Structure formats: structure tokens, C-alpha cells
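Q: Could you take a close look at one strand in this model for me? I'd like to know how it sits in its surroundings, and then how that fits into the rest of the fold.

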Amino acid sequence: MTVYHFVGIKGSGMSALAQVLHDMNYQVQGSDVEKHFFTQEALEKLGIKILPFNKDNIEPGMSIIAGNAFPDTHEEIQRAMELGLPIIRYHRFLGDFMKNFTSIAITGAHGKTSTTGLMAHVMRGAKPTSFLIGDGTGKGDENAEYFVFEACEYRRHFLSYYPDYAIMTNIDFDHPDYFSSIDDVFEAFQTMALQVNKGIIACGDDEQLQKIQAKVPVIFYGFNEENDFQARNVSSTPEGTKFDVFVRNTYYETFQIPTFGDHNVLNALAVIALCKYEDISADIVKSQLLTFTGVKRRFSEKPVGSQILIDDYAHHPTEIRATIDAARKKYPDRQIVAVFQPHTFTRTQTFLDEFAESLNMADKVFLCEIFGSARENQGKLSILDLQEKIPGGEILKEEDPSPLRDFENSVILFMGAGDIQKFQQAYENYLEKQA
């Protein structure tokens, strides 16, 4: 038995993969920087060894799984080369690993993580299923028949995969530091579509996805009538959202989900369509949809005093709109306050007007300093450029979150892909001191 050593085990995909292999009784360990990341908590719970980077971690007989952020010049990878050990990049390893199962890739510009979590939860109610989610969650099952995983389009990483099925939630222009245009993004998805072996479940309400060509059947889902799977009679209740599903204009079943917003209905519809194709009974799907508790950092709620604080990963205008829409549907009588931290200068620059437009859907907007990525230090613009476009928008400082206290009985949405959580934490600490 080889020991799988992960170089960069705290990366969200790497951490999830390490958990999957550990659950399937493989020997797993890894190394990373000594800074704390939330992705390490699940590893620590499972007792997976995490070491600081050091070439001496690498020993004969190991197989090295290398994270994409680490070049071949990294000391551990260098040592592995000297010892003649197999070194497999994360995507290559995953691409080979999934051949042992019926694999379901979940991809799209938005909604991947939530849909992957939902798909895995529903599938596990019917058949042994392993899954890998981009929020750092992975679960292996020794008897797994299915493997559900999040496949990211960034840098065309998903082209390492040849899955049985692909769910495509949408195509949108994002990652402007890599993609040049919406056409460039479409081309990546089109290439991916030709690598799918059994079938594609695609959102037919998305005009880009309507143009996808494939060698396998493409099943469309959505709210529009021309879709193969259509959601009708959508209604919100205090418990969630109820809707009827019609398959090619014939009534199929009524489903309920414990979440709000059109985007969540669409995610559920994709899962329902795939399960029908794999002959999983509608009753199992119905009961599993009802018990899904969500994934990390996607509309994670916490009541504090008279306010509801919500932590959400939304970092693109489309996602901000969806999150505000979900909050309005769930809390129609409350004021919605958005606290937004833009993620990367390139994205903020590219979508400046769209960010303002989507944030202006909230009743009040607070902005936090731009969170730059490891790939860029800073751009020419500042948070003030965005503030200018938001009437009444204010800048919120971590050292003084007190202005949020003025919004009694409101819903406060903390949105961003950087470290927006620290602003929520600062606000909670402030309230505790005031109590």
C-alpha cells in the first residue's frame, strides 16, 4: 500500500480529495503552509497528518499528489523527483480516479458548489456515493457506485475530466484574469461538452448553454416551456419553495426544497433530471431534497439579537442578485443590508457597473476594501470607485463595525470570496462587548 502525500493539502479541492481517499481506506498525509485555513478542520477531525512544507516529508514508496499552485521547483516535488516517485497533478489524479465510478461532473459559472452538495446528498439516499465539493468537503464510500464532483472552468481545469454525465448550470463571463470574453468561456464549456460520455443536463434558460453541441444527449431544464424538464407553479412557503415538475409537458411530480430563490429551484431541477435518467425513484429524491442542509458559506444563517446575519460566497454580480433575491423571498418583511467585499481587482474593474447595479437591489450597502488575490497585488482602482456608483453606500472598517447596529430587525448579508468572514466576526464581537 502506497502512502498518498498531498503537496498543498489545505487547498479546497486537495483537502476534499484527501478526505475521499482516507474514507476509502487509503493511507493519506500532506503538507502545507502553517497558516490556518478552514479546509484543514475536516482533515484534523479525521486524524489526517498535516506537516509543514519540508523536503524531508518525502520518503521512498510514496505517491505524490501535487496541488496546482506549486511548481515543479517546489522542494517537496524536487525531492520526489530525486527519489523517482510518481508525481500526479491534482486534476490528472482526479481524472483517473473517477473512471472507477459512474461520474457526475457539476460545472457552470455559478451554483457549482451548491448543486454538487445537493446532488451528492440526493444520490446518497439511493446508492453508495462518493463526492468532492469545492468548499473543501469530501466523502468517500468503499462501495461507491457514483462519484459526484465539482468541476471548475477556471484555467480550463475541467478539461482534465471525461465524466459520464455533466450538469451545466450556466455560462457567464467571470475570471477576467484568465478568460478574455464570454466567447472564450463558451469555447471552454463546448470543449468540455465533447468529453462527456453519457449525457449532459444543461440549463435551457441560459442562452449560451442552448448553443452547446455534444455527441451525447443534451437534456435541458429550466422555467421556460421549451425545456425537457420544466418547473411550474413555484410558490414560497415559510418552510421553503414548492414547485411542480413537468417532463416534456407532462406532469411528473411535485417537489419541495428548504431553500429560497429561483437559482435553488434550478439547482434542484438539474438533480431531479439526472436522477430520473438514472432510474432513481421520485420518492427518494423528494425526501432527500427536503433534508438537504446546504454547503459551507452558501447562505449560512445566524440569528443575532433582532438581526439575521448571513454569510455567503457571492462574488460576482449574478450571484449577488441571486443572494439578495433569496433573502427577499425568505424574509419579505425585513430590510436587506448588503456588506460586500470585492474579490480581485481584475474582477472589480471588469464588472464595476454590474456590481453597483446588483448591490443597489439591497436597501442599504456597506463596502469593504478590495481583497486582492495571490496573482495580483493591486489594481488602479479602489473601493471608492464602486462606492461612487452606489447611492448611500458606505465603507465599513473591520475595526469599527458599529454602523450595522442601526439596522434593527434586518437581514445582513456578508458577501464575498475573500476574508469577508472577519467583518462578520468583528461585528459579532462588537455586539458581545455591548451586551
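A: Let's go straight to S18: five of the five residues in this strand are buried, so the rest of the structure largely encloses it. Keep in mind that this is a predicted model. The cover is on both faces of S18. On one side you have Ile336, Ala338 and Phe340, on the other Val337 and Val339, and all of them are buried.

So which strands does S18 pair with? One partner is S21, which runs parallel to S18 and is joined to it by five bridges. If you want a spot to zoom in on, take Val339, which stands opposite Phe414 in S21. Another partner is strand S19 (residues 364-367), again in the parallel sense, this time over four bridges. There, Val337 stands opposite Lys364 in S19.

Zoom out a little and you get the sheet. It is an open one made of six strands, and the order reads S16-S17-S21-S18-S19-S20. The edges are strand S16 (300-304) and S20, each of which pairs on one side only. Although the S18 pairings above are parallel, the pairing in the sheet taken as a whole is mixed. Next to S21 in that order comes S17. Strand S17 (residues 307-312) pairs with S21 in the parallel sense over five bridges, and Leu309 stands opposite Ile412 in S21.

Now follow the chain out of S18. The loop between strand S18 (336-340) and helix H10 (345-350) holds Thr344. This residue is worth a click: its phi is positive, about 75°, although Thr344 is not a glycine. Thr344 has 5% relative accessibility, so it counts as buried, the cut-off being under 20%. You'll find another case in the loop between strand S20 (394-395) and strand S21 (411-415), where Asn409 lies. Asn409 is not a glycine either, yet has a positive phi of about 55°. In contrast to the buried Thr344, Asn409 counts as partly exposed, at 45% relative accessibility.

Past H10 comes Phe351, in the loop between H10 and helix H11 (352-359). Phe351 is buried, with a relative accessible area of 6%. What does it touch, leaving out residues up to four places away in sequence? The list is Phe173, Asp174, Pro176, His316 and Pro317. For a distance to check, the C-alpha atoms of Phe351 and Ala314 are separated by 14 Å, with their positions 37 residues apart along the chain.

One step further on, helix H11 contains Ala356, which counts as buried at 4% relative accessibility. Setting aside neighbours within four places in sequence, Ala356 is in contact with Leu386, Lys389 and Ile390. The C-alpha atoms of Ala356 and Cys368, twelve residues apart along the chain, are separated by 14 Å.

S18 isn't the one covered strand you can look at. Strand S2 (residues 27-32) is mostly covered too, with five of its six residues buried. S2 runs parallel to S1, and five bridges join the two; in S2, Ser31 is the bridge partner of Val7. S1 also turns up around helix H4 (residues 90-97), a mostly covered helix with six of its eight residues buried. Those are Tyr90, His91, Phe93, Leu94, Gly95 and Phe97. They pack against strand S1 (3-7), helix H1 (12-23), strand S4 (62-66), strand S5 (87-89), strand S7 (129-133) and strand S9 (146-150).

For the overall picture, the secondary structure comes to 13 helices and 21 strands. Of the 435 residues of the protein, 55% count as buried. The radius of gyration is 22 Å, which agrees with the value near 22 Å for a compact globule with 435 residues. The C-alpha atoms fill a box of roughly 60 × 55 × 40 Å along the principal axes. Among contacts between residues at least 6 apart in sequence, 63% join residues at least 24 apart.

If you care about the surface and the charges, the protein exposes about 18,600 Å², with carbon and sulfur atoms supplying 48% of it. There are 41 positive and 61 negative side chains, and the centres of the two sets lie 2 Å apart.

Methods: Residues numbered from 1 in each chain as written. Predicted model: local features only at pLDDT ≥ 70, side-chain atom pairs only at ≥ 80, totals over all residues. Heavy atoms only, no water. Buried < 20%, exposed > 50% of the residue type's maximum accessible area, 1.4 Å probe, protein only. Rg over C-alpha atoms; globule rule 2.2 N^0.38 Å. Contact = heavy atoms within 4.5 Å. Areas by Shrake-Rupley, 256 points an atom, 1.4 Å probe, with all protein chains shown as cover. Lys, Arg positive; Asp, Glu negative; His and termini not counted. Charge placed at Lys NZ, Arg CZ, Asp CG, Glu CD. Pairing = 2+ DSSP bridges.
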